[in-house]
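Grab a coffee and work through these exercises with the structure open beside you. Each one sets a task, and a step-by-step solution follows.

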Amino acid sequence: MAKKYYVVWKGRTTGIFTDWNSCKKQIDKFPGAQYKSFKTREEAGAAFKNRSVSSSSSRDSAVKPKAKTSRNSIATLTSEQVRKVSVDTKIFTDGACDPNPGKAGSGIAIYRHNHISELWYGLYNPIGTNNTAELNAFYQALSISKSELASGVSVSIFCDSKYTIQCITQWADGWKKRGWKRSGGEIKNLELIQKMHALYQSLKDKIKVCHVNGHVGIEGNELADRMSMLAIESQEDKFCLYREDIDIDQILSMRTG
């Protein structure tokens, strides 16, 4: 396995670490932890230097939900708030693209009663985009939600893409009223958005959709991220259940998106 360098911007100790176990000690159960892996020390050094100073204040504010939100804004939940959401099933979604546009894939992590239950990955596209990968993952989450609801359980979806959430829960209503047109020009991913919007409309009174920040130590989001990268590396075009043992530490040590 290629050597990785782990940057911790927010944790017990910040800095650059050369192995996953050292990184994990800084972020495990640390509220709002922020970290990411890099292939080279140079990339890690540049990333740590650039974000340590310039984004510390914005990160602190980003994880705090606003008391009130406007029509086009979305409250962001912290790790602790995610844990306290009282539903039977929590579905975390993520999409990745390397580069963007380029090789894309989607991933999902499903928790039942706050315990990891299933991981899903796939929908590989050799010429995809990050937005399309995020949308595909969210569509799968809506489909899974429909099945969960039919079994009589409560569901919430947690997504780190504000674009995806706003497309389906806000903007699509107006686009549909205008004959699926927008004043700014073409609606990208229109066919997929139309299918997703129709499904969301049938479920919206029964599910809750929440935004979380990516790479801040929220386990479900991190696992979905690793599954999206596994989709790219395996080039799996179907959406498949991860059938290996769910060793969380091992999965989190995989390549990040």
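## Exercise 1: Place a cysteine

Cys97 has a relative accessible area of 15%, so this residue counts as buried. The model you're looking at is a predicted one.

**Task.** Find which strand holds Cys97, and list what Cys97 is in contact with beyond its neighbours within four places in sequence.

**Solution.**
- Start with the address: Cys97 sits in strand S5, residues 89-98.
- Next, collect the contacts. Skipping neighbours within four places in sequence, Cys97 touches Gly102, Lys103, Ala104, Gly128, Thr129, Asn130 and Ile232.
- Now check a distance. Asn131 is 34 residues away from Cys97 along the chain, yet their C-alpha atoms are separated by 8.7 Å.

## Exercise 2: Two odd peptide bonds and two odd phi values

**Task.** Work out where the cis peptide bond of Pro99 lies, and whether His215, with its positive phi, is buried or exposed.

**Solution.**
- Keep the background in mind: most residues other than glycine have a negative phi, and most peptide bonds are trans.
- Asp98 and Pro99 are joined by a cis peptide bond with omega of about -10°. Pro99 belongs to the loop between S5 and S6.
- Go on to Asn100 and Pro101, where a cis bond has omega of about 0°. Pro101 is also in the loop between S5 and S6.
- For phi, look at His113, where the value is positive, near 55°. His113 is in the loop between S6 and S7, and at 55% relative accessibility it counts as exposed.
- Then turn to His215, whose phi is positive too, near 60°. This residue sits in the loop between S9 and H8, and with 19% relative accessibility it falls under the 20% cut-off, so it is buried.

## Exercise 3: Take the core apart

**Task.** Say which residues touch the most other members of the largest nonpolar core, and which element gives the most to it.

**Solution.**
- This core has 30 residues, and Cys23, Phe92 and Phe158 touch the most other members.
- List the suppliers: S1, H1, S6, S7, S9, H8 and H9 each bring at least two residues to this core. The top contributor is H8, with five residues.
- Zoom in on Phe92. Leaving out neighbours within four places in sequence, its contacts include Val82, Ile108, Tyr111, Phe158, Ile218 and Ala224.
- Don't stop there: a separate core holds 28 residues, including Ile74, Leu149, Ile193 and Ile207.
- As background, nonpolar side chains in soluble globular proteins tend to be buried together.

## Exercise 4: A strand tucked inside

**Task.** Explain why strand S3 counts as largely enclosed, and find which residue of S3 stands opposite Val7.

**Solution.**
- S3 covers residues 34-38, and four of its five residues are buried, so the rest of the structure largely encloses this strand.
- Its pairing with S1 is antiparallel and runs over five bridges.
- Within S3, Lys36 is the residue opposite Val7.

## Exercise 5: Trace the salt bridges

**Task.** Find how many salt bridges the whole structure has, and which parts of the chain the Asp249 and Lys24 pair links.

**Solution.**
- The search of the whole structure gives nine.
- In one of them, Asp249 meets Lys24, with the closest N and O atoms 2.4 Å apart. Asp249 is in helix H9 and Lys24 in helix H1, 225 residues apart, so you have distant parts of the chain linked here. Asp249 is partly exposed at 34% relative accessibility.
- Compare that with Glu80 and Arg83, which form a salt bridge at 2.8 Å, N to O. Both lie in helix H4, three residues apart, about one turn of the helix. Glu80 is partly exposed at 40%, and so is Arg83 at 47%.
- Next come Glu118 and Arg112, at 3.3 Å, N to O. Relative accessibility is 22% for Glu118 and 25% for Arg112, and both count as partly exposed.
- Finally, salt bridges with shared partners join Glu80, Arg83 and Lys84 into one network.

## Exercise 6: Step back

**Task.** Decide why the protein counts as compact for a globular protein of its length.

**Solution.**
- Count the elements: nine helices and ten strands.
- The radius of gyration is 18 Å, close to the 18 Å given by the globule rule for 257 residues, so the protein is as compact as a globular protein of that length.
- Buried residues make up 47% of the 257.

Notes
Residues are numbered from 1 along each chain as its sequence is written. This is a predicted model: local features need pLDDT of at least 70, side-chain atom pairs count only at pLDDT 80 or more; totals for chains, interfaces and linings use all residues. Side-chain values use heavy atoms; hydrogens and water are left out. A nonpolar core is a set of buried Ala, Val, Leu, Ile, Met, Phe, Trp, Tyr and Cys residues joined through side-chain atoms within 4.5 Å. Buried means under 20% relative accessible area, exposed over 50%, partly exposed in between (1.4 Å probe, protein chains only). Contact means heavy atoms within 4.5 Å. Two strands pair if DSSP finds at least two bridges between them. The radius of gyration is taken over C-alpha atoms; the globule rule is 2.2 Å times the number of residues to the power 0.38. A salt bridge is a side-chain nitrogen of Lys or Arg within 4 Å of a carboxyl oxygen of Asp or Glu.
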